[in-house]
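Reader: Hey, I'm new to this one. Could you walk me through it?

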Amino acid sequence: MEAVQGVESLAGGDGRHHVSRTLGTALLISVGYIDLGKWVAAVDAGARFGYDLVLLVLFFNFSAVLNQYLCTCIGMVTGKNLAEISHQEYSQFICVGLGLQAGMSLFTSELTMILGIAVGYNLVFDQDDFITAIIFACLVINVLPYIFSPRDKRMAGTLNACIAGFTILCFVLGLLVSQPEIPLHVNVMFPKFSGESAYSLMALMGANIMSHNFYVHSSIVQVQKSHVHTVGGLFHDHLFSILFTFTGVFLVNYILLSSAAAESSHNVIHTFHDAVELMNEIFTSSMAPLVLLAVLLFSSHIIALTSVIASHVVTEHFFGVNISLFAHHVLLKLLSMIPAIYSAKVAGSEGVYQLIILCPVIQAFTLPSSIIPIFRIASSRWIMGNYTVSLRVEILAFLSFCLTLFINIIFAAEILFGDSAWTNSVKGNTETPVLIPHAVLILMSCASIAFALFLAATPLKSSGREAETQELCVHSQRGAPEEIQSAGPETLDVCHPRGVKISC
């Protein structure tokens, strides 16, 4: 697949025009946050809780920016992707766990992409046949990567970056045009965590942070080989590009959430048709369904490419399986078709709606354990050398992990012992269709928390080597200071595998 190889070569170059090299990768990553599942999560949360969760959406967005930036630093400094380094630094058991969680994030992302196109198809053609719409979606997302695939890799990468930028621009401008009076709520209070809002919090968190994108970003930028004096400039350009694109993502989520809060007057969305009516009130233009479908089609093309990269990286380094890019592309689509058709066949439009909201919740399960390797690797002097993150950034990354873990714990406690409306729905006590058994959700939630705590208590393999190297350097300096000084910088290569000085 030339399009995938073009995406991987997009970050390459001669070291000049840093912004053009960094903005393209940031656009490709941010398109992954433009699908119907993310929008529905924001609209549903706004309709249920008003403006109470706006501040948390901002925190989630900042956490995504921070972790994506750290992944770019890791990829550029080491020349390896996050999965490759994790394979070297953790046991096989942990690697399998990380691989399964990344695969689950990938699977749910593909599933929401298919369901989103199916919903857009029905809205444009005024139909209610989800089976036909899902088949249409699967055909389109399998054909588009070959339509937008020039033979020249660099041209393919540039074309896909332009498509990503055009998609984001169209959606943001379209949303702003359809909302001439954006509701601004200045009295934003610190959110109150509760069991009733736990489901919406998980959906919003999974909609704003996706763990498989960490592996994609580090894989794309690992080809950027620059002179040591320009690495700092590349870091800054990547940070600017990520902030720029994710600001647009937050703007979209804020408009959807606040518009839903203003239009619904805190009325709860009970059915799929309630959600459609509320979306029609938000998107006032008659062309909105057509623009929505076009945005979903273009975004699905970019998501399909980045998903193939993530699938290839995860299966190769976590499971030791190396198959063709075409096989990754087809398998992801086939596996995603099964639950999509099943939910539409068994539960109809209500089942599709519940599945669209459930997918970000499942993605949120994977976040705590996916963040741990990032800040551990980024703060390791053995791996990063002189480019280790500062203590302040390390603390921010740790707080990001604590936030994701805390919300997962609230969700687990509510689903185990709570009696809120959504727990009764999950248990099957209401007329809402149950797509995943209550016991399975409990098992997934508790397993993800336990795995995150286990991973947090497990150090990197290189941490022991780093301590030994520090001790060896101190011993050598005390035993033969004159020899070390006369040996020059060559002695430092013995102290660190990357030839970078370690403070002793």
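Author: Sure, here is a short tour covering the overall fold, the cavities and a few side chains. This is a predicted model, where local features need pLDDT of at least 70, side-chain atom pairs count only at pLDDT 80 or more, and totals for chains, interfaces and linings use all residues. Residues are numbered from 1 along each chain as its sequence is written, and side-chain values use heavy atoms, with hydrogens and water left out.

Reader: Okay, how many helices and strands are there?

Author: The protein has 22 helices and 0 strands. Both are DSSP runs numbered from the N terminus, a helix being H or I with at least four residues and a strand being E with at least two.

Reader: And what share of the residues is buried?

Author: Of the 504 residues, 57% count as buried. Buried is under 20% relative accessible area, exposed is over 50%, and partly exposed is in between, with a 1.4 Å probe and protein chains only. Among contacts (heavy atoms within 4.5 Å) with a separation of 6 or more, 85% are between residues 24 or more positions apart.

Reader: Switching topic: how many cavities does a search of the whole structure find?

Author: It finds 2 cavities of 30 Å³ or more. A cavity is a set of points on a 1 Å grid over the protein atoms alone where a 1.4 Å probe fits but cannot get out, and lining residues have an atom within 4 Å of a point. The points are joined across faces, edges and corners, and a volume is the space filled by probe spheres set on them.

Reader: What's the volume of the largest cavity, and which helix gives the most to its lining?

Author: The volume is about 60 Å³, and H11 gives the most to that lining, with 4 residues. Helix H11 (231-264) and helix H8 (153-178) each supply at least two lining residues. Tyr33, Trp39, Phe171 and Asn253 are among the residues that line the largest cavity.

Reader: How does that lining divide into nonpolar, polar and charged?

Author: It has 8 nonpolar, 2 polar and no charged residues. Here Ala, Val, Leu, Ile, Met, Phe, Trp, Tyr, Cys and Pro count as nonpolar, Asp, Glu, Lys and Arg as charged, and the others, Gly among them, as polar.

Reader: And the second largest cavity, what lines it?

Author: Its lining includes Leu28, Ser109, His212, Asn213 and Thr306. Two or more lining residues come from each of helix H2 (18-30), helix H10 (212-221) and helix H13 (288-318). H13 gives the most, with 3 residues. This second largest cavity has a volume of about 50 Å³, and its lining has 4 nonpolar, 6 polar and no charged residues.

Reader: New topic: how many aromatic pairs are there?

Author: The search finds 16. One of them joins tyrosine 121 and phenylalanine 125, whose ring centres are 4.8 Å apart with planes at 50 degrees, so the pair is tilted. Rings of Phe, Tyr and Trp (its six-membered ring) pair if their centres lie within 6.5 Å, with planes under 30 degrees apart stacked, over 60 edge-to-face and the rest tilted.

Reader: Where do those two lie?

Author: Both are in helix H6 (residues 92-125), 4 residues apart, about one turn of the helix. Tyrosine 121 is buried at 13% relative accessibility, while phenylalanine 125 is partly exposed at 46%.

Reader: Last one: is asparagine 67 buried or exposed?

Author: Asparagine 67 is buried, with a relative accessible area of 1%. Asparagine 67 sits in helix H4 (residues 54-78). Leaving aside neighbours within four places in sequence, asparagine 67 is in contact with Phe214, Ile371, Ile374 and Ser400.

Methods:
1 Å grid on protein atoms, 1.4 Å probe; cavity = no way out; pocket = protein on both sides within 12 Å on 5 of 7 lines; lining within 4 Å.
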